[in-house]
Amino acid sequence: MKNIKIVLQRGGAARVLVGDVNGQQTVGEALEALGGTDIGQDLIHAEDHDGPVDLKTPVQALVSGEGEGGPALLRLHQGRCQRVSVNVTFNGVTKSRDFPPVTRVGHVHQWATHSAFGMSPRDAAEHVLELEGGDERPDSDTQIGTQTDGTLCAVAFDLVPFKRVEG
């Protein structure tokens, strides 16, 4: 069985755990191999899967393809949120949608720019998501569940122009 690279992010935490596991291991065994994470009442979500996954599920069953030139990749999220309510504000208009906490900021950006606000691809490329009320712009690979405070399953963004420094 091929190894599978797991990327685990946790609700309310910036730290990312990364490791290779055997695809026949269960999710619970894989999480333990990544550093003995304490699951407690937390839920585990896998990218491209709508609801929480059972800890007895084989890791291989959650992978939807082979890695490009390396091991297959499985992104997991550990947290208390079943869904994260996302608000995106652009030009004074706010659009909302719920996402699984494992959803990456890049996917939310795509939804906001194309589906919610109907931007052209060029305009979309010139805008970024910024946490509401601040100047923090999470990377596109950041899971939205990490942007919650761990108790409130919501996050708000402003869709703002990406300012280029020319000179």
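Trainee: What percentage of the 167 residues of the protein chain count as buried?
Mentor: This is a predicted model, in which local features need pLDDT of at least 70 and side-chain atom pairs 80 or more, while totals for chains, interfaces and linings use all residues. Residues are numbered from 1 along each chain as its sequence is written, and side-chain values use heavy atoms, without hydrogens and water. Buried means under 20% relative accessible area (1.4 Å probe, protein chains only). For the protein chain, the buried share is 43%.

Trainee: Which pattern does the protein chain follow along the sequence?
Mentor: The protein chain has 3 helices and 8 strands, taken as DSSP runs (helices H or I, at least four residues; strands E, at least two). Read along the sequence, their pattern is β-β-α-β-β-β-β-α-α-β-β.

Trainee: What is the order of the strands in the open sheet of 4 strands?
Mentor: Two strands pair if DSSP finds at least two bridges between them. The pairing in this open sheet is mixed. Strand 6 (93–99) and strand 7 (127–131) each have a single partner strand, so one side of each lacks a neighbour in the sheet. The order is 6-5-8-7.

Trainee: Which residue in strand 8 stands opposite Val-88?
Mentor: Strand 5 (residues 84–90) and strand 8 (residues 154–161) run parallel and are joined by 5 bridges. Opposite Val-88, strand 8 places Phe-157.

Trainee: What are the dimensions of the box that the C-alpha atoms of the protein chain fill?
Mentor: The box is taken along the principal axes. For the C-alpha atoms of the protein chain, it is roughly 50 × 35 × 30 Å.

Definitions and conventions:
Buried means under 20% relative accessible area, exposed over 50%, partly exposed in between (1.4 Å probe, protein chains only).
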